[in-house]
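Colleague: Got a minute for the interface in this one? I'd like to go through it with you.

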Amino acid sequence: MSYTGYKGKGLEFLKKNNIEVGNQIKIYADLPLPYLGILMPRYEYSDDAHIVLKLEDGYNVGLDIDKIKKIEVEPSQAIKKENISKSKTDPTLPRILLISTGGTIASKIDYRTGAVTPALTASELNASVPELSKIANIDTEVLFSEYSENLLPEHWIKIAEKLHSYARSEYRGIIVAHGTDTMHYTASALAFSLLGFPKAIALVGSQRSSDRPSSDATLNLIDATRFLVETNTTGIFVVMHNTSSDDEIACHWATRVRKNHTSKRNAFQTVGGAPAFIVQDNRIEKNKLFNPSKVEYNPKIKFDNRVALVKYYPGFDPKIIDYIISSGYKAIIFEGTGLGHVGRIMYGSIEKAKKKGLFVGMTSQCIDGMVRMTVYDSGRDLLNLGVTPLGNMIPETALVKAMWALAISKDSDEMNKNMIENIALEFSD
Amino acid sequence: MPEIQIDKIGLQVGLEIHQQLATSTKLFCKCSPTESEEYSIKFTRKLRLARSELGEYDPSAVFESGKEKTIAYHGNPESSCLVEQDEEPPHELSHEAKEIALIIASALESRIFTETYVMRKIVIDGSNTSGFQRTMAVARQGNLQVDGKKLVVCTINLEEDAAKLIRDSSNTREYGLDRLGIPLVEITLQHIPGKPEDFKKIALTLGRLLRATKRVKRGLGSIRQDVNVSIEGGDRVEVKGVQKLDQLEKSSNMRQEGSTASR
């Protein structure tokens, strides 16, 4: 029996009347005529005095249990099954693999039970976005189904290993459907761990869920597919809307992209430059400045979580740094102020961290622009303490890179060398 | 065409009245609910059919979907923000609008739901940037007194107004966002037999009652009726967006002719 969200009095009432979520019910209450509808789940934090009914005209209302005189279960109406015809494959078209990891783009709501389920099976995808079958033959695979705020470096490893297993496959390119919240972290993780990957990988998300007519998922998927099929590029990209309009899709290089808005379609932006590619209605334009050098595919799929990303602010308590050191962390990435500073109150703790052998890197909370620690005394003091300036690397990219570098470096010298070397175009000057 | 004898054809009319509320903000954001033709924001979208919350496709939505038009939206930053642009989730429901809807529901002696939810009504002609109208059931089963007779008020819903159509060409349809999100109540009256002048009187009575709250908008376009007309043995026909009472009388007359002719 399903009672999603019901508790206390409400739950007791349903059990007593042998009614569960999804049942077609008839309720006699304050009106001469009964209410007819489907019992819906209740939000976790609602009271226990109401039950939620989806009325026949589609409206959801809460009915006060105390006012219910009689309640009956009606024979259940069969919910319309999605009529999905098996998609035809066209042997002349290239093959694309879509790996789904969850998030808004890959979920749909079951309105009967309120459950969110992964929705991106190949046939469903082709049914909801028929344009795709004209561009490529798409196979799909559900790797896991998590909102991206729940992802851990362990998930990056899972995704990277899955992608690695297809590195020499006949797929032209691979789409990874991903929640948008931490998509840029995953992008960076893949860029470092799958350095030189021989195909293009497009991480695609959506800012408006696919169950609404205005969803951005459709165009993001269509243009990501076109990008993989029509360009001959390799590497990891985040592929999302470039503007608020449904007209242009931007392909951002993995280590230079950031989610810069909570809700807009074009929330993802290439920091400090233009996107690598812009996909338009009838053409795909490459950024002339985007010229990654070819590197041999050399996957190193490892991450060490013992890295802290610390944003400095007026009033920051240096004891937090002491706690990080004593908790066994191996690296600290600062999001410093301006050109890359933290107040002198921090010097003692930074010194301790360096003595303990931690890597201490400096990025800027300005996000855009270069860290320049030679301009002011405080910057020079920090350099003197052994803080490593990280150029214009985005703080989140620096965090992921440090996790990766820590796992693959044999000592602190190598870690330091890896952190300042431009490995996956994470420095863009 | 032979003259129609109105009392012999079994004319039935059901009115659905949409009244904009006089609030200081829109229903789901703090934008000013003022209509203006000055637009500095422009963007374009394509809408695509999505299943309704009941897992079904709305037939009129399917019809619109076949047209695949580009929709251009024009906005003024005073009267629209990211909510109207469908770039941000809706903010908290306007308490003012809720209060007025409850006053109207009480004046119409209806049963008010103690708990209600915001629902999506799929509309993909472009008049809602999201592709659906946000609407919630406020009350059911009320009464409207017209000439001493009680008329059943079936439903009272609180919803957001749609965007204003500016232009419609073969490839592009253009809307202004200033009207989108203005709170309105939708009042559906029982389908009853009568003469065109009776329905005009019903609409007049309801209009007076709404204005008596002093909290509804005045002026052309602030109240609109959908008129459902049928005659004995004929199909039900809906005339949407009737703005003047004379048009209401005319549309019931006109629809009778239409229904008679198609019999």
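Modeller: Sure. Contact here means heavy atoms within 4.5 Å. Keep in mind that this is a predicted model.

Colleague: Okay. How many residues does each chain put into the contact?

Modeller: Chain A gives 44 residues and chain B gives 43 residues.

Colleague: And how much area do chain A and chain B bury between them?

Modeller: About 3500 Å². Carbon and sulfur atoms carry 49% of that.

Colleague: Switching to charges. How many salt bridges are there between chain A and chain B?

Modeller: The count is 7. One of them joins the side chains of Arg265(A) and Glu87(B), at 3.1 Å from N to O.

Colleague: What about residue pairs in polar contact between the two chains?

Modeller: There are 23 between chain A and chain B, with both residues at pLDDT 80 or more.

Colleague: Which elements of chain A supply at least two residues each to the side that touches chain B?

Modeller: Strand S3 (50-55), strand S4 (60-64) and helix H6 (217-230). S4(A) has the largest share, with 5 residues.

Colleague: How do the residues on that side of chain A divide by type?

Modeller: The side of chain A that touches chain B has 14 nonpolar, 13 polar and 17 charged residues.

Colleague: Back to S4(A). Which strand of chain B does S4(A) pair with, and is the sense parallel or antiparallel?

Modeller: S4(A) pairs with strand S5 of chain B, residues 115-116. The sense is antiparallel, over 2 bridges.

Colleague: Which residue stands opposite Val61(A)?

Modeller: Thr116(B), in S5(B).

Definitions and conventions
Residues are numbered from 1 along each chain as its sequence is written. Chains are lettered from A and ligands numbered from 1 in the order in which they are written. This is a predicted model: local features need pLDDT of at least 70, side-chain atom pairs count only at pLDDT 80 or more; totals for chains, interfaces and linings use all residues. Side-chain values use heavy atoms; hydrogens and water are left out. Buried area is the accessible area (1.4 Å probe) that two parts lose on being put together, summed over both. A salt bridge is a side-chain nitrogen of Lys or Arg within 4 Å of a carboxyl oxygen of Asp or Glu. A polar contact is a pair of N or O atoms within 3.5 Å; within protein, one must be able to donate a hydrogen and the other to accept it, and residues adjacent in sequence count only if both atoms are side-chain atoms. Helices (H or I, at least four residues) and strands (E, at least two) are DSSP runs, numbered from the N terminus. Ala, Val, Leu, Ile, Met, Phe, Trp, Tyr, Cys and Pro count as nonpolar, Asp, Glu, Lys and Arg as charged, and the others, Gly among them, as polar. Two strands pair if DSSP finds at least two bridges between them.
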